[in-house]
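Work through the exercises below with the structure in view. Try each task before you read its solution.

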Amino acid sequence: MKIFKLSGFIVCSLSLLLSSCYTLRNASIPPGMKTLDVQFFENNSPLVVANLSQNFTEGLKTRIRNQSRLSISRNADADATLSGSIIGYTIAPVSIQAVANNVAPIADANRLTITVRVKFVYNTAKTPAEKKLSFEETFTNYQDYKGDIGAQEQSLIRTITDKITEDIFNKAFSNW
């Protein structure tokens, strides 16, 4: 009987402790922040993909619409502004395969990497804590692939964009 009481106490204590560590969505978005201006992320990388800027910007807006209470606004009076540019789009080999003697090795797998420079400004911040929410940071993510990039490129871009927009969202609104 004592064992059941002790285990019940431990379970209750652990659940209270763990629930205090978990932050609900929107919990760190200040109550005064209602609108966000997401500006167009121009592709300034040396290797340019035609639809990357548009897809990235729209992916970021979609994540914010789906995972926050914020309204996307296209005016200078927005409570916060997300701006930046795509500064890197690279393809590099990650593993080499030797084919035969006296033949140059070839890439067995490659890595597509996208890097984005982001500036988040909380325009209507009033307290020092709210002012600390603003940041300027670089986000990078990648996806490995095999074979020709042509048929896989858009799918790889979508996967990487999802990862980077999640990182940006977490940095701006979840303080993770």
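The exercises that follow concern a predicted model.

**Exercise 1. Fold order**
Find how many helices and strands the protein chain has, and give their order.

Solution.
- Step 1: Count the elements. The protein chain has 4 helices and 6 strands.
- Step 2: Start at the N terminus and read along. The order is α-β-β-α-β-β-β-α-β-α.

**Exercise 2. One residue, T113**
Decide whether T113 is buried or exposed, and list what T113 touches.

Solution.
- Step 1: Place the residue. T113 sits in strand β5, which covers residues 106-122.
- Step 2: Apply the cut-off. Buried means under 20% relative accessible area. T113 has 16% relative accessibility, so T113 counts as buried.
- Step 3: Look for neighbours, leaving out residues up to four places away in sequence. T113 touches G88, Y89, T90, T140, N141 and Y142.

**Exercise 3. The whole chain**
State what share of the residues is buried, and describe the exposed area and the contacts.

Solution.
- Step 1: Of the 176 residues in the protein chain, 36% are buried.
- Step 2: The chain exposes about 10,800 Å², and carbon and sulfur atoms supply 56% of that area.
- Step 3: Take contacts between residues at least 6 apart in sequence. Of these, 70% join residues at least 24 apart.

**Exercise 4. Confidence**
Find the average pLDDT, and say where pLDDT is below 50.

Solution.
- Step 1: The average pLDDT is 84, and 78% of the residues score at least 70.
- Step 2: Residues 11-27 have pLDDT below 50. This stretch has 5 contacts in the model beyond near neighbours in sequence.
- Step 3: Where pLDDT is low, predicted coordinates should not be read in detail.

Notes:
Residues numbered from 1 in each chain as written. Predicted model: local features only at pLDDT ≥ 70, side-chain atom pairs only at ≥ 80, totals over all residues. Heavy atoms only, no water. Helix = DSSP H or I, 4+ residues; strand = E, 2+ residues; numbered from the N terminus. Buried < 20%, exposed > 50% of the residue type's maximum accessible area, 1.4 Å probe, protein only. Contact = heavy atoms within 4.5 Å. Areas by Shrake-Rupley, 256 points an atom, 1.4 Å probe, with all protein chains shown as cover. pLDDT = per-residue confidence, 0-100.
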